[in-house]
Amino acid sequence: MTQPGAATKIVLPESEIPTRWYNILADMPSPPDPPLHPGTKQPPAPEDLAPLFPMDLIEQEVSGQRYFDIPEPVRDVYRLWRPTPLYRAHRLERALGTPARIYYKYEGTSPAGSHKPNTSVAQAYYNRRAGITRLTTETGAGQWGSALAFAARQFDLEIRVYMVKVSYEQKPYRRLMIETWGGEVVSSPSRLTASGRRILEDDPDSPGSLGIAISEAVEEAAGRKDTNYSLGSVLNHVLLHQTVIGQEAQKQFALVGDYPDVVIACCGGGSNFGGLAFPFLHDRFTGNAPKAARVVAAEPAACPTLTRGVYAYDFGDTAGLTPLMKMYTLGHGFIPPGIHAGGLRYHGDSPIVSKLVRDGHVQAQAYSQVGVFEAAVQFARTEGIIPAPESAHAVKGAVEEALAAKAEGTPRTILFGLSGHGHFDLAAYDQYLRGRLQDYEYPAEMVEKALADLPVVPGA
Ligand SMILES: Cc1ncc(COP(=O)(O)O)c(C=O)c1O
């Protein structure tokens with residue numbers, strides 16, 4: 001065993017890639033409320049979801065089974081980059097002068113540069129096995145779209161990605177990655193779907209949003225037999241697939257004889273957060289660990305779903321085509337300010353993560369953009385890796401925690417998720433370095449307006 005604290009990079013052999021995904025629904029003290037059909041307001045039957053998803057994924061979505069075996073073809077693709085390294089941030093610790101031990105689990109070594117392929121590969125595999133030949137999806141800044149394009153190529157699927165217009169125009173590199181892997185990219189709102197055309201008629205200058213792009217991708221998949229829809233976050237099966245992250249981290253901590261006091265991850269739709277945190281929450285719920293880790297979800301102050309949203313049934317998309325989910329939401333019509341952490345600009349959140357926050361098992365913390373980039377640059381200058389703007393929220397959370405340890409004079413072990421690199425987000429760093437990056441106030445008026453449109457669910 002390496003002495004606690006001695007290693008910089010804690011690595012596992014390929015044979016230690018997890019063989020199963022962990023489903024936290026099996027252990028939650030109180031389960032989340034079920035999704036509801038947007039028309040009947042009743043829980044949807046599996047057949048209602050069948051136009052969009054293959055049965056294997058529908059089963060994973062609704063099941064309370066604790067573990068699902070990872071199919072060998074999926075593990076085989078995982079071998080391209082998994083297990084991912086766990087780092088001890090010696091240099092950042094020294095710069096902060098903290099008594100805390102800081103570790104980070106780095107998912108930026110995947111081909112797409114983030115945690116997203118952990119689920120895109122699984123989703124592409126199950127769709128192919130069900131005889132599907134095409135996928136549609138949405139993407140914000142392009143992380144998810146590129147991850148799904150990579151996975152689709154591995155399993156010979158065609159893919160069309162509806163990319164939020166503002167990113168399509170301003171961020172060409174991820175669009176080009178998608179095209180390099182053979183995917184098609186469409187600027188959303190588009191003229192290809194009824195909901196896109198409606199939005200463009202109302203507002204030809206709409207910058208687009210994830211909610212609109214989801215509507216378009218769902219609409220197309222629902223209308224074609226050869227095509228399914230794939231979502232990169234929020235849903236239970238997506239969070240399930242991401243739990244390879246936390247399971248590996250547990251083995252890596254065991255290797256160095258340490259265990260986190262606090263686990264921090266950024267949270268957009270919740271998949272990166274759930275992937276890292278759920279195996280540690282399993283330890284806590286089952287009393288199966290040397291200590292009970294505190295768990296923190298970090299989000300942007302400009303889109304503060306968990307810290308300022310309401311806990312209510314809402315649609316997952318702008319047009320109201322998806323099932324209603326009980327979650328923290330800022331309203332499905334909310335279009336967040338154009339912060340650089342595109343993957344955290346979502347009006348809602350995973351129903352599981354929302355319920356865990358609601359019940360006090362998870363703390364949420366919101367950070368403003370300039371402070372987040374300040375932490376990201378400090379991290380880059382000490383540890384070397386340039387974080388994705390989304391991941392930088394977790395860096396900020398870890399720095400705050402380490403400074404609190406210093407102020408209190410109490411050591412602690414901090415684990416945070418570095419969900420991706422920021423090599424295609426350098427324009428944001430450019431703005432920060434030239435003092436041009438701005439903070440956004442909590443968009444109270446916009447949220448109020450969007451919340452006025454929440455669907456009415458009797459008895460909820
Ligand atoms: C690098 C990175 N981290 C985190 C996220 C947030 O998504 P989620 O909350 O589903 O992990 C994204 C989303 O695009 C991302 O690209």
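**Figure 1. The whole chain, element by element.** Helices, runs of at least four residues, and strands, runs of at least two, are DSSP runs numbered from the N terminus. By that count, this predicted model has 19 helices and 15 strands in its chain. With a radius of gyration of 21 Å, close to the 23 Å that the globule rule gives for 460 residues, the chain is as compact as a globular protein of that length. Its C-alpha atoms fill a box of roughly 60 × 50 × 50 Å along the principal axes.

**Figure 2. Inside the fold.** Let's step into the interior. Buried residues make up 57% of the 460 in the chain. Among the contacts with a separation of 6 or more, 77% join residues 24 or more positions apart.

**Figure 3. The ligand and its shell.** Here we meet the 20 residues around the ligand. Those that come nearest are Ser233, Gly268, Asn272, Gly343 and Gly420. Sorted by class, the shell holds 13 polar, 6 nonpolar and 1 charged residues.

**Figure 4. Helices that line the ligand.** Three helices each supply at least two residues of the shell: α6 (143-154), α13 (271-286) and α17 (389-408). The largest share, 3 residues, comes from α13.

**Figure 5. Where two domains meet the ligand.** Domain 1 is built from the segments 9-20, 69-113 and 237-451, while domain 2 spans 116-234. Both domains give residues to the shell around the ligand, so the ligand lies between them.

Key
Residues numbered from 1 in each chain as written. Predicted model: local features only at pLDDT ≥ 70, side-chain atom pairs only at ≥ 80, totals over all residues. Rg over C-alpha atoms; globule rule 2.2 N^0.38 Å. Buried ≥ 20, exposed ≤ 12 C-beta atoms within 10 Å, placed from the backbone. Contact = placed C-beta atoms within 7 Å. Near = placed C-beta within 6 Å. Nonpolar A, V, L, I, M, F, W, Y, C, P; charged D, E, K, R; others polar. Domains from an automatic or database assignment.
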